[in-house]
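Me: Please take a close look at one part of this model, and then connect it to the rest. Plain words will do, with each term explained as it comes up.

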Amino acid sequence: MLENVMTRRNCSVKVKLTVKSLLSAGLVALAAVLPQLVHMTLGASGGITWLPMYLPVLIGGCILGMRWGLGIGIASPVVSFLITLAFGDPMPVAARLPFMTVELAVFAAISGLFSKRIAQNGWMAFPAVLLAAVSGRATFMLLVAIFQAVTPFTPAMIWAQIQTGFAGLLLQAVVVPFIVMGIKYLLDKSEK
């Protein structure tokens, strides 16, 4: 979506890279900070219920496209882990990190596939987020099923967590598309 706007404005490659890099860094930072805020206010179960790291990742995919979104999806849990590890309480925990990294990469890549369509019709953010959420959670479940012999997770445990997170996914399925449509509106308005 953002690529389309910058192309229409004849932005140079340097400007495009700078804008995308800064926006990506901001979204990764938000993905690291937001879970901390949720955990401080709602406790450890708040993260499993509201899935705060998913919000910036989905927004990044929708706005920046698949490649940049994929970078945000991969970087977000890794950066969060490294920052929180420095304080002694890593989040996500080490055992969950590889699964969550792949899951968020899928979230970002799928939502990013819709970026050009969202640029044409903001309402396309709804199917983008829904398909990304289903694909990402299914990927997490599949990976746990494949690697359950070497991980502390079981498919039943992850299915219970997925069910707990339905409220967060439902909220994001509404909130993220409206945020993306709002950004699209502002970008379109600034072009006129």
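Reply: Asn10 is exposed, with a relative accessible area of 70%. Buried means under 20% relative accessible area, exposed means over 50%, and partly exposed covers what lies in between, with a 1.4 Å probe and protein chains only. The areas come from the Shrake-Rupley method with a 1.4 Å probe, and for residues only the protein chains shown count as cover. This is a predicted model, in which local features need pLDDT of at least 70 and side-chain atom pairs count only at pLDDT 80 or more, while totals for chains, interfaces and linings use all residues. Residues are numbered from 1 along each chain as its sequence is written, and side-chain values use heavy atoms, with hydrogens and water left out.

Asn10 sits in the loop between H1 and H2. The names H1 and H2 follow DSSP runs, numbered from the N terminus: helices (H or I) need at least four residues and strands (E) at least two. The phi of Asn10 is near 60°, a positive value in a residue other than glycine. Most residues other than glycine have a negative phi, and most peptide bonds are trans.

Another residue has a positive phi without being a glycine: Leu51, at about 50°. Leu51 is in the loop between helix H3 (44–50) and H4. Is Leu51 buried or exposed? With 5% relative accessibility, Leu51 counts as buried, whereas Asn10 is exposed.

The loop between H5 and H6 holds Pro92. The peptide bond from Met91 to Pro92 is cis, with omega near 0°. Ala95 is found in the loop between H5 and H6 too, and at 32% relative accessibility Ala95 counts as partly exposed. Leaving aside neighbours within four places in sequence, Ala95 is in contact (heavy atoms within 4.5 Å) with Pro152 and Phe153. From Ala95 to Gly47 is 48 residues in sequence and 16 Å in space, C-alpha to C-alpha.

Back at the N-terminal side, Arg8 belongs to a salt bridge: its side chain meets that of Asp188 at 3.8 Å, N to O. Arg8 is in helix H1 (residues 2–8) and Asp188 in helix H10, so the pair, 180 residues apart, links distant parts of the chain. A salt bridge here is a side-chain nitrogen of Lys or Arg within 4 Å of a carboxyl oxygen of Asp or Glu. By this rule the count comes to 5 salt bridges. Arg8 is partly exposed at 48% relative accessible area, and Asp188 is also partly exposed, at 23%.

Asp188 meets a second partner, Lys184, in a salt bridge of 2.6 Å, N to O. Why are these two about one helical turn apart? They are 4 residues apart in helix H10. An α-helix has 3.6 residues a turn, so residues three or four places apart point the same way. Lys184 is buried, with a relative accessible area of 13%.

Another salt bridge joins Arg137 and Glu103, with the closest N and O atoms 2.6 Å apart. Arg137 lies in helix H8 (residues 125–147) and Glu103 in helix H6 (residues 97–113), so the pair ties together parts that are 34 residues apart in sequence. Both Arg137 and Glu103 are buried. In addition, Glu3, Lys16 and Lys20 are linked in a network of salt bridges.

Helix H5 (residues 66–85) comes before the loop with the cis bond. H5 has 20 residues and reaches 29 Å from its first C-alpha to its last, close to the 28 Å expected at 1.5 Å a residue. The expected span is 1.5 Å times one less than the number of residues. A kink of about 30° lies at Ala75 in H5, shortly before the proline Pro77; the bend is the angle between axes fitted to the seven residues ending at a residue and the seven starting there. The buried residues of H5 include Gly69, Ile72, Ser76, Pro77 and Phe81. Their cover includes H2, helix H4 (54–64) and H6.
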